[in-house]
Amino acid sequence: MARHLQILVVVGLGQCLLLRKGILMAQECELLGSCGFFKKFGSTKELACKGFISQYCKGPMQGQCKRKEYRRKNGTPPADNMMPSGAIMKV
Ligand code: SF4
């Protein structure tokens, strides 16, 4: 697993613990219901995807999501396998 993904997973898991303890407020992206990435990978058990979802889709980095940026610039959503970081996931 790439180093940045490992860091993201560790941070995501740490944040989940804080959420469980009520230290952080949960926040969800307003595009959650229509996002292809979330629809496709939202229930995955894969740790990297879970890290992205906890950090971006349901976490504090959703304002930095490259999928949102793409949609804003192009008027259409990106491919479902584009991750919130902007990298393309090989499936
Ligand atoms: S991938 Fe980006 S646009 Fe999609 S639900 Fe997560 S934060 Fe929102």
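Here is a quick tour of the fold, the ligand shell, the core and one proline in this predicted model.

Some ground rules come before the tour. Residue numbers start from 1 along each chain, following the sequence as written. Because the model is predicted, local features need pLDDT of at least 70 and side-chain atom pairs count only at pLDDT 80 or more, while totals for chains, interfaces and linings use all residues.

The protein chain has 4 helices and 0 strands, where helices are DSSP runs of H or I with at least four residues, strands are E runs of at least two, and numbering goes from the N terminus. Mean pLDDT (the predictor's confidence in each residue, from 0 to 100) is 83 for the chain, with 70% of residues at 70 or more.

| Helix | Confidence rank in the chain | Mean pLDDT |
|---|---|---|
| helix 1 (residues 3–20) | lowest | 52 |
| helix 4 | highest | 98 |

Now for the ligand. Its shell holds 13 residues, and Cys-29, Cys-35, Tyr-56, Cys-57 and Cys-65 are the closest; a residue is near the ligand if its C-beta atom, placed from the backbone, lies within 6 Å. Helix 2 (36–41), helix 3 (47–57) and helix 4 (66–74) each give two or more residues to that shell. By class, the shell has 10 nonpolar, 1 polar and 2 charged residues. Here Ala, Val, Leu, Ile, Met, Phe, Trp, Tyr, Cys and Pro count as nonpolar, Asp, Glu, Lys and Arg as charged, and the others, Gly among them, as polar.

Why is helix 3 largely enclosed by the rest of the structure? Because 8 of its 11 residues are buried, meaning 20 or more other C-beta atoms within 10 Å of a residue's own (12 or fewer is exposed, in between is partly exposed, with C-beta atoms placed from the backbone).

The largest nonpolar core has 12 residues, including Phe-37, Phe-52 and Met-83. Such a core is a set of buried Ala, Val, Leu, Ile, Met, Phe, Trp, Tyr and Cys residues joined through C-beta atoms within 7 Å. Helix 3 gives this core its largest share, 5 residues.

Finally, Pro-77 sits in the segment after helix 4. It counts as partly exposed because it has 16 C-beta neighbours inside 10 Å. Leaving out residues up to four places away in sequence, Pro-77 touches Gly-36 and Arg-71, contact being C-beta atoms, placed from the backbone, within 7 Å. Pro-77 and Cys-35 are 42 residues apart along the chain, yet their C-alpha atoms are separated by 7.8 Å.

Note on methods. Two residues are in contact if their C-beta atoms, placed from the backbone, lie within 7 Å.
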